[in-house]
Amino acid sequence: MNTYNIELKVNGEWREAEVTATDTLLEVLRNNLEAVEVKNGCEQGDCGACTVILEGKPVNSCLVLAVQANGKEVTTVKGIGTQDSPHHLQTAFVEHGAIQCGYCTPGLIVSAKALLDENPDPTREEIREGICGNLCRCTGYTKIVEAIEDAAGKK
Amino acid sequence: MENTEYLKPNDIKELLLIMTENKDRATVIAGGTNLVPEMRDGVKTPQVLVDVGDLQELVGIQLEKDSITIGAATTIAEIAKSSVIHEHFPILSKAAGELGNPLTRNRATIGGNLANASPCADTAPPLLALEAEIHITNAEGQVRTVPADKFFMDYKWTHLDKGDVLIRIVIPKPPVAAKGSHTKLGLRKAAAICVASVALMLEKDGDAVKRARIAFGSVAPKPIRAYRLEHYIEGKSVDKKLLSDCEPLLQEEISPIGDIRGSESYRRFATAAIFNRNLLQAWA
Amino acid sequence: MLEKHKSFEKVQKVSKPGEEKKYHVIGKPRPRHDAWAKVSGQTVYAGDHKVPGMLYAKVLRSEYAAAKLLSIDTRAAEKMKGVVAVMTAKDVPHNETVTRFGQTHSVGGFEGLYRVLADKKIRFKGEAVALVAAKTLAIAKAAIQKIKVAYEPLEGVFDPVEAMKPNAYLVGEDESNVICSYKIRKGDIEKGFTQADVIIENTYRVQMVDHAYMEPEAGVAWKDDEGVITIRASTQVIEHFRGIAAVLGVPHNKIRVITPMLGGGFGGKEDITVETYLALLVQITGKPVSLTFTREESILAHSKRHPYVMHYKTGATKDGKLVAMEAELISDAGGYVYLSPWVLLYSTVNAPGPYDITHVKVDTHTVLTNNTYTSANRGFGANQPCFAYESQLDELAKKLNMSPLEIRRKNYLHTGDALASGRVLEHAVETEQTAIKALEALGEPIKPRQPSERIGQGMASCMSSYGRMTFLHDTSRSFVSVELDGTVTVRCGVQDLGGGQASSLAQIAAEALGVPMEDVTVFHGDSALTPLAGTTTATRQLYMSGNATLKAAATVRRNLLEKAGRMLGMDPSYLDIKDRQVFIQPERKPWMVVENDSRECTISYGGDRGDIIISEVCGNNDPDTTIPLTEVIKAAAADGIELLCVAQFNAPARELLDFKTGQGQVFPDFTFGTIAMEVAVDIDTGDVDVLKMISCFDVGQTINPLSVEGQMEGGAVYGLGYGLCEEVILDKGITLTPSLAEYLIPTSKDVPQVETIMIQSGGGIGPFGAKGIGEPANVPPPPALANAVCDAIGTRVYDLPITPEKILKALKAI
């Protein structure tokens, strides 16, 4: 069995893992690095539950091989904010009731943050476009869009 | 899968060395958006993965005097957001922006989109209509130039051989007066596999078409140029009668299948509808 | 286009004036108590849980939809390094039992065969054939490949109409594929049609769809130090511990099911999914075991929504009065019975819709086929008939030159009217109001923006029950206590799918005990440690566990106020609690819990008392006196007064309906609502753009308005997917839409902002007069869509989903 020792900077902390060439970043985050906040919804890049920020860009971690992420920075929802020190996106989601089952939420927060980082003043259409890779089955997206609008500083 | 090897060359020289040593066993990977799910499903079982995703020589958009060069490992997101591409090749910009979703676009590359050889490849119709050139190197370092319409050979079969690496796409700048138009049809408004698409470039001379380049996606075993259609409309004026005359020709050019996304008759009708619309748009 | 209803100024009286609402927390928007953990990635779902030493399980599934299972050779798999157990049907202690759904009342024909692993005959593609547990997931996957199964493919049957025929291929071991049939007979249908001036007859077809929750089925199980097999799984029914115990041949109290927060359920996790496999593997290996379905496995092998063929013939007078309705509904039950009889009964009662129809004849059948088995899905059989009856109404309206609203207003049922199945609607029925309000909000349509664009508006009303069928004698239990520091603990078996089921209990307990919501902790979903609340299905949790929690909390409240009354030397019925303070509040009546002989109870929570003289009431106390709640608690504890209560709430229990006539109560109550929509259709490509969606429901009373809006918005989009783009496509039982790339659910770009209007009649039987909303919210969108599209293009699509191709076919373009 061929294994590779890789290093990833996860939420600001350097972590090591021993992986095969075909282990995905999602698998390694969840299984090797205890980052179970990154969710597995489809493992095909269709649902966005596994969204993380990789070198500044939001991606499906299920489509990235762990070896390809060697030496790179990865941010999950836990690197964006915590209960004690939340990002204003997280506060907006809570206050607007934009979370129901919550399974899509970690990935959505990551996508939404990446969207606002690139476009701090998005229109509603741009918000919908920015998060269209994150499927949600519970909310119908209405409160999610409102929460992101609110976090972007508009009402 | 446990025995798969992973190699990441630091430059083209190293890449060529790796490809020479592993010619028959190497599978090139960049964004992995097609390859990784296929590996998971056991559809593809690569022995040696050669990662070109971070190769600087293969990434980037270069503006030249008469053309623009796009590195094969440039992401679809970068292409969709590039003002250079938007200014010179708006149909490519649009098609790139409609590929997958924002997350997959951050990983998917233009080289990967072409090499995957799907008849539904989103960037293929614009590249065909723009008469792009695909630059391929073999393991020995010899680079050949393949026009886009020769790159796609048949269903899931391209000009790429074992040991080859697609390294760049060169697109000649169209004349300033040329106008393009593009439509992709899907069963929902995002992350939809293409049901039918058309991309075209039109140059007028007075009241007649001087030059037309028309490409279709998802309606044949490979992305196609519609040469007979192009030939037919060149020299003519675009009006309702022309569209009506084009219809049977168009239907001869395309050979859509029926599948879960739609029947053959639906694809035929829809393709004609968007072709008409796009041609009128580019003519106006 | 829809006419304005200016001539209908005289509006029906709201059914119940409702007591003036002065709640402290109820009805106020609050962040859900689980929201922060979810948004910061702290919530541990079933598949996130790890137990040291756990094995990984995989399921081998059948290659055929219909086949004889000749032999299974597991030796090669067993020999593999790292494989700890391989199981087939012969290794399961009781491989065949019956499906039960958390009810204690035996219900005969409603129970179907529950077969754990395939035996004798394969009945659908994806049926579980063998289980493997191994040290790593990779080894388990490889071991599955090494199991050799010999099949003899059989003919199979894939169309329920074909499957009903006398010589059809038999899916199971019975003499017929027809599982059961129901009917309604009201009046004289022949006579009815002679009275009709206009008759519309159509066949409607609805497709198989998937729940597509974002969290695939998952669980981890282990044996605890006392030998109790504990299963922590994403499930809507922890009461399945009984069924799992029956399979394993162990006592009920040796199986414990815990459910963490689910990543969505929608009825798809109502049947047993991973739990039995986990329990068996734990039993046989003695080790902890983990099992997560892949998305493909989930689409392939978990239950689906029933496809239906519905033939409707509806007759009306020239004034639009409905005089006759004849309907035949045939549903595809797939390979196993599961909840098909129940879903069929819902469809039967729902078949006429919320309308007064003089003569009604309904016949329904549910039939086994070799397709993927079908069972519960949000709406549970109310959705399919709604597509038919709301489409029929619009066709009648068109023929009679009436507006869709006009014809409905002529026929809507109101409080006190009876359904065709004989049930009198004694609670609030505000359908008409919801329709008027929804259309008002919809407004005038926009003008087409392109030559090929057509704009259309459409509406659909629905009725959808909440609470389980009354012959199931439903009950729910909840425990409420106050701690010595004044915080509140709720323990309740409620399974939280994401709809705020647990959070609602916190809000209810907070209201009853006068504390902020943040002071309440809810321990939920543990069959060993939390009183069983019953299934999270049938939109019953707010009604049932909400009432049970209310009953328990009201008892603790009464005890506290009695003590406070003694402390103040005054009648406790003049006291109230708010913001952790007990204070004098003589203007409102006290809370009361009244229980009758059959243990059915009613709970009332204050209302204006009328004139009183404050000084007489207060005795020696200053009317502004307050005592901190903690002080009362400590004094009560010292006195040995009970500061806790575990209460059981009994829903009204009724008998089974009369199967000859279809007459009976069946449901405790219904929720009524309307969805109105505006669409833009491109007649060149058939593409549909949903421009506006308005949802208006009578929700009785909101507990948390944010949650209710969330259900209405989410339900509207869940229903829209059913109408617009979702379909599990099977070809002779083989799934052609294996992943989320082929099975398309709406993305954020496919839907508009949903506008919600909540009517709060106070006329529900849930806590504080609430009605359930989870399922009703998703019922009207498909017919609203069909009606809007018809309005746009002038011709109708009779089967779902309404794809561009179907629109082009309807336009005769292809």
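## Three interfaces, worked through

Between domain 1 of chain B and domain 2 of chain B there are four residue pairs in polar contact, with both partners at pLDDT 80 or more. Keep in mind that this is a predicted model.

**Exercise 1. Work out how domain 1 of chain B packs against domain 2 of chain B, and say which residues give the most area.**

*Step 1: place the parts.* Chain B splits into domain 1 (5-51), domain 2 (56-172) and domain 3 (178-283). The centres of domain 1 and domain 2 of chain B, taken over C-alpha atoms, sit 18 Å apart. In the contact you'll find 14 residues from domain 1 of chain B and 17 from domain 2 of chain B.

*Step 2: get the area.* These two domains of chain B bury about 1,300 Å² between them, and 60% of that is on carbon and sulfur atoms. On the domain 1 side, Ile12(B), Leu16(B) and Lys23(B) supply 32% of the buried area, more than any other three residues.

*Step 3: look for charge pairs.* There is one salt bridge between domain 1 and domain 2 of chain B. Take Lys23(B) and Glu140(B): their side chains meet at 3.5 Å, N to O. That pair counts as a salt bridge because the cut-off is 4 Å.

*Step 4: see where the residues come from.* Helix α1 (residues 12-21) of chain B gives the largest share of the domain 1 side, five residues. By class, that side has six nonpolar, four polar and four charged residues.

**Exercise 2. Describe the interface of chain B with chain A, starting from the buried area.**

*Step 1: area and residues.* Chain B and chain A bury about 2,500 Å² between them, with 55% of it on carbon and sulfur atoms. On the chain B side, Tyr6(B), Leu103(B) and Arg107(B) lose the most area to chain A, together 27% of what that side buries. The contact brings 30 residues of chain B up against 32 residues of chain A.

*Step 2: polar links.* Count four salt bridges between chain B and chain A. Lys72(A) and Asp54(B) form a salt bridge through their side chains, at 2.7 Å from N to O. There are also eleven residue pairs in polar contact, both at pLDDT 80 or more.

*Step 3: elements and classes.* In chain B, β1 (5-7), α2 (35-40), β3 (48-51) and α6 (102-105) each supply at least two residues of the side touching chain A. That side of chain B has eleven nonpolar, eight polar and eleven charged residues.

**Exercise 3. Now do the interface of chain C with chain A: which helix of chain C gives the most residues?**

*Step 1: area and residues.* Here 53 residues of chain C and 49 residues of chain A take part in the contact. The buried area is about 4,100 Å², of which carbon and sulfur atoms give 56%. Trp36(C), Met214(C) and Gln753(C) supply 18% of the area that chain C buries against chain A, more than any other three residues.

*Step 2: polar links.* Chain C and chain A share seven salt bridges. Glu129(A) pairs with Lys749(C) in a salt bridge, their closest N and O atoms 2.5 Å apart. The polar contacts come to 29 residue pairs, both at pLDDT 80 or more.

*Step 3: find the helix.* α1 (35-39), α8 (295-301) and α17 (705-724) of chain C each supply at least two residues of the side touching chain A. The winner is α17(C), which gives the most, with eight residues.

*Step 4: sort by class.* The side of chain C that touches chain A has 24 nonpolar, 16 polar and 13 charged residues.

Note on methods. Residues are numbered from 1 along each chain as its sequence is written. Chains are lettered from A and ligands numbered from 1 in the order in which they are written. This is a predicted model: local features need pLDDT of at least 70, side-chain atom pairs count only at pLDDT 80 or more; totals for chains, interfaces and linings use all residues. Side-chain values use heavy atoms; hydrogens and water are left out. Contact means heavy atoms within 4.5 Å. Buried area is the accessible area (1.4 Å probe) that two parts lose on being put together, summed over both. A polar contact is a pair of N or O atoms within 3.5 Å; within protein, one must be able to donate a hydrogen and the other to accept it, and residues adjacent in sequence count only if both atoms are side-chain atoms. Helices (H or I, at least four residues) and strands (E, at least two) are DSSP runs, numbered from the N terminus. Ala, Val, Leu, Ile, Met, Phe, Trp, Tyr, Cys and Pro count as nonpolar, Asp, Glu, Lys and Arg as charged, and the others, Gly among them, as polar. Domain bounds come from an automatic or database domain assignment.
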